[in-house]
Amino acid sequence: MPNNYEVIKSVPFDYGLIELRSDNIITFEPVDGFSTFTIPQLKVMLEILLDISEGIPRPYFSDNRNLKSLGTEERVYINEHMHKFTSAFAMTENSAITRFITHTFMQLNRPPFPVKMFKTKDEAILWLRTFNN
């Protein structure tokens with residue numbers, strides 16, 4: 001079950017929390033009210049994600065339920081760097097806007113890893129666990 005894990009490393013920062021779990025999954029939980037990413041924020045996140053992953057791409061979960069927009073420059077930045085820490089990507093979403101952003105991103109920049117959207121974190125984690133060796 002998704003709750004059967006320990007947190008190996010936890011890194012809180014201004015707009016969220018990134019954790020490495022004992023089931024080898026990296027998670028990102030934003031702070032309340034966080035709804036978009038800027039390049040400076042993405043650079044901070046990338047530094048944390050590269051450190052926490054120790055250079056090994058791992059299954060990655062992001063809570064994107066409150067994501068409202070993502071600019072072109074930010075999408076390009078994510079596309080250029082996400083493969084460095086991600087072997088599979090699952091996210092929660094709860095809006096047509098988030099689904100549209102994600103589907104458009106995936107059509108324009110096909111990622112080299114599986115991507116799937118879920119309504120709950122538990123469903124996302126169960127799917128990500130299938131990518132652990």
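K9 stands opposite L20 in strand β2, and that pair is a handy place to start looking at this predicted model. Strands here are DSSP runs of E with at least two residues, helices are runs of H or I with at least four, and both are numbered from the N terminus. β1 and β2 run antiparallel and are joined by six bridges. They form a hairpin with two residues between them.

Before going further, a word on how to read the model. Residues are numbered from 1 along each chain as its sequence is written, and side-chain values use heavy atoms, leaving out hydrogens and water. As this is a predicted model, local features need pLDDT of at least 70 and side-chain atom pairs count only at pLDDT 80 or more, while totals for chains, interfaces and linings use all residues.

**The sheet**

Six strands form an open sheet in the order β1-β2-β3-β4-β5-β6, with mixed pairing; two strands pair if DSSP finds at least two bridges between them. At the edges stand β1 (7–13) and β6 (115–118), each with a single partner strand, so one side of each has no neighbour in the sheet. Neighbouring strands are turned by 15 degrees against each other on average, direction ignored. Strands of a sheet pair through backbone hydrogen bonds, either parallel or antiparallel.

Further along the sheet, β4 (residues 58–63) and β5 run parallel and are joined by six bridges. Here P59 stands opposite A88 in β5. Strand β5 covers residues 86–92 and includes T86. In contact with T86, leaving aside neighbours within four places in sequence, are P57, R58, Y60 and F113; contact means heavy atoms within 4.5 Å.

**The helices**

Helix α4 (residues 121–129) lies across β2, β3, β4, β5 and β6, and runs at about 165 degrees to β5. Axes are lines fitted to C-alpha atoms, for helices over the stretch in contact, and angles run from 0 to 180 degrees between N-to-C directions.

How do α1 and α2 lie against each other? The axes of α1 (residues 39–53) and α2 (residues 72–81) come within 10 Å and cross at roughly 15 degrees. The two helices are therefore roughly parallel, a label for angles under 35 degrees. The crossing is right-handed, meaning that the near helix is turned clockwise from the far one by less than a right angle.

On the α1 side, I39, L42, K43 and L46 meet E73, E74, Y77, I78 and H81 of α2. The residues of this contact divide into five nonpolar, one polar and three charged. In this grouping, Ala, Val, Leu, Ile, Met, Phe, Trp, Tyr, Cys and Pro count as nonpolar, Asp, Glu, Lys and Arg as charged, and the others, Gly among them, as polar.

**Three residues and their exposure**

Which of the residues below are buried, and which are exposed? Buried means under 20% relative accessible area, exposed over 50%, and partly exposed in between, with a 1.4 Å probe and protein chains only.

| Residue | Place | Relative accessible area | Class |
|---|---|---|---|
| T86 | strand β5 | 3% | buried |
| N24 | loop between β2 and β3 | 26% | partly exposed |
| E54 | loop between α1 and β4 | 59% | exposed |

The two loop residues also have a backbone feature to check on screen. N24 has a positive phi of about 75 degrees although it is not a glycine. For E54, also a residue other than glycine, phi is positive and near 55 degrees.

How values were computed. Parallel < 35°, antiparallel > 145°, perpendicular 65-115°, else oblique.
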